[in-house]
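Let us read this structure together, one question at a time, and let each answer build on the one before.

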Amino acid sequence: MFGFVVLAVLVLLALWLVGQFNGLVGLRNQVQNAWAQIDVQLKRRADLIPNLVNTVKGVMKFEQETLEKVMNARARALGATSMAERGAAEGEVSQTLGRLLVVMENYPELKSNQNALQMQEELTATENKIGFARQFYNDVVMKFNTAQQVFPTNLIAGMFNFKPADFLQMTEADRVVPKVDLAVS
Amino acid sequence: MTAVVPAQGRATFYELQAKNRRNSVMLVVVFVGMVAALGAGFDYFFLGVGSRGADGGGMPFPIATFGALIFGSLYAMQGWYLGASQVLGASRARPADPANPAEKQFLNVVDEMAIAAGITAPKAYVVPDPDPNAFAVGRDPAHASIAVTEGLLASLDREELQGVIGHEMSHVRNLDIRAMTLVTALFGAATLLADVTRRGLYWGGGGRSNRSRDSDRSGGGGGIMLVLFVLWLLLAILAPLLGRMLVLAVSRSREYLADASSAELTRNPLGLASALRKIAGAHEPTRLINQGSAHLCITDPRGLKLNESENAAADLFGTHPPIGKRIQILESMAGVVSSEGPIGGS
């Protein structure tokens, strides 16, 4: 009888362990997935920028510098070898691109250019998606890290060597993403 | 500000999901009980099941109870699986067209909000109606659709649209639309059964003289029988109304939550506040969205004044909380957020 009780307790304990472990693995995968999402959007932005620049450079003769800055930052982001370098360059892309999107408002010719409007909407959407993907990434990281820190899951996290994931710090560049009024009408 | 996203929003959203799951289970239980009671009453009072087995006059098998349960379940199941496409079809919604700039923007905003909510992007539909409105339908996030009217796309700017889509996306993520689809399916089935039962009273029951049956029973517990009979009649008559009120109560309480979740997703409560103000300004009813779907919309499509007052009638029969109050709450949220620092992450 006593042996049976011990056995039952052990089985329950094992089941609980498995459940907690799988929960942590699930969260870790979510973190990786959220990270990949950001990457997808950053790549899309890098693809879109040359199109936008080509569309507007004829009209925006007086903004060659702005256009160059965007292209340069983009090139640096694509050629980055380290994570830190890439992060800095992507932040710069956000900043310079945001400025370009604002300056575009000063060119009435662009407002009647269907192609330019379309590019502007696509880039605004992508820029937003990057922001929201980062926001979601941080939310998931918060869940993952909290799960590793609370008792008793922290014992399992320690046992199987789970490491807390890093938050994305919202940089200056993120914060100055301008609010462009893009009512299509 | 280190601008790390606060976690409590996430926790609330899990609580909301859990609450919706619990409510859904409860709804199914209430539904089964109600349908069984409708059927059993019919069996007992009109077919004589269980009361007159001995004299051979009654049915030996509670056919109405089982019939009601089977029919009710089948009907509710078709509502569960086909309800969303029926609502979309009835409002003449068509898939958003990426070639149209306004609808392309709508598609983009849906994608953005899906990323913010961390779910697969729902399908995006456009309803050809000039009045601004929006709704979400679907039995789960993987089968969800968000529809907006042409009027909404024409009158809102990008940030306002984001607020509205954020609101609808929250309904999807928090499993509100799942609960609403269930309520609608069950409510539809219960209403239909109650209708059938009432017809049964006129056609079936009348002929077979239930008065004689009452006298059969009057020997023992006739009074109780009468009370039971009256209760059962009330159930048959009031089921549709009760169902309706249940739908409304569920719907109203979710609107504030969806507003708050929208602000959490967009980090911009003022976008939705300004959208609501514009929508409230358009008093025309949304003609293409039929009455039965009112509870699914961002504001009441019937253009009723009822939803704007705060009296008891509005509490019982309005589908939405007063829009002024919603705007006020969102604006106070913006006050709180801006005093904490700049909003990160666009």
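Q: In chain A, what share of the contacts with a separation of 6 or more is made by residues 24 or more positions apart?
A: The model is a predicted one, and that should be kept in mind throughout. Counting the contacts in chain A with a separation of 6 or more, the share that belongs to residues 24 or more positions apart is 76%.

Q: Which pattern does chain A follow when it is read along the sequence?
A: The secondary structure of chain A holds seven helices and zero strands. Reading along the sequence therefore gives helix after helix, in the pattern α-α-α-α-α-α-α.

Q: Is chain A more spread out or less spread out than a compact globule?
A: Along its principal axes, the C-alpha trace of chain A spans about 90 × 35 × 20 Å, and buried residues make up 32% of its 185 residues. The radius of gyration of chain A is 24 Å, whereas the globule rule gives 16 Å for 185 residues. Because the value for chain A is well over that of the rule, the chain is, compared with a compact globule, more spread out.

Q: In what order do the four strands of the open sheet in chain B lie?
A: Strand 1 (residues 94–95) of chain B pairs with strand 2 of chain B in the antiparallel sense over two bridges, and strand 2 of chain B is joined to strand 4 (residues 145–149) of chain B by five bridges, these two running parallel. Strand 4 of chain B is joined in turn to strand 3 of chain B by four bridges, and this pair runs antiparallel. The pairing in the open sheet is thus mixed, and the order of the strands is 1-2-4-3.

Q: Which strands of chain B stand at the edges of the sheet?
A: A strand with a single partner strand has one side left without a neighbour in the sheet. In chain B, the strands that stand at the edges in this way are strand 1 and strand 3 (134–137).

Q: Which residue is the bridge partner of B:V127 in strand 4 of chain B?
A: Strand 2 (residues 123–127) of chain B is mostly covered, with four of its five residues buried. On the side of strand 1, B:R94 has B:V126 as its bridge partner in strand 2 of chain B. In strand 4 of chain B, the bridge partner of B:V127 is B:T149.

Q: Which helix of chain B lies across strand 3 and strand 4 of chain B?
A: Helix 3 (residues 101–117) of chain B touches strand 2 and strand 4 of chain B as it packs on the sheet, and its direction makes about 145° with that of strand 2 of chain B. Another helix runs at about 20° to strand 3 of chain B, and the one that lies across strand 3 and strand 4 of chain B is helix 5 (residues 158–173).

Q: Which helix contributes the largest share of the largest nonpolar core?
A: The largest nonpolar core has 95 residues, and among those with the most contacts inside it are B:F106, B:A147 and B:V164. The largest share of this core is twelve residues, and these come from chain B's helix 6 (residues 176–207).

Q: How are helix 5 of chain B and helix 9 of chain B placed relative to each other?
A: The axes of helix 5 of chain B and helix 9 (residues 269–281) of chain B come within 7 Å and cross at roughly 95°. Angles of 65 to 115 degrees count as roughly perpendicular, and therefore these two helices are, relative to each other, roughly perpendicular.

How values were computed:
Residues numbered from 1 in each chain as written. Chains lettered and ligands numbered in written order. Predicted model: local features only at pLDDT ≥ 70, side-chain atom pairs only at ≥ 80, totals over all residues. Buried ≥ 20, exposed ≤ 12 C-beta atoms within 10 Å, placed from the backbone. Pairing = 2+ DSSP bridges. Rg over C-alpha atoms; globule rule 2.2 N^0.38 Å. Contact = placed C-beta atoms within 7 Å. Axes fitted to C-alpha atoms, helices over the stretch in contact; angles between N-to-C directions. Core = buried A, V, L, I, M, F, W, Y, C linked by C-beta atoms within 7 Å. Parallel < 35°, antiparallel > 145°, perpendicular 65-115°, else oblique.
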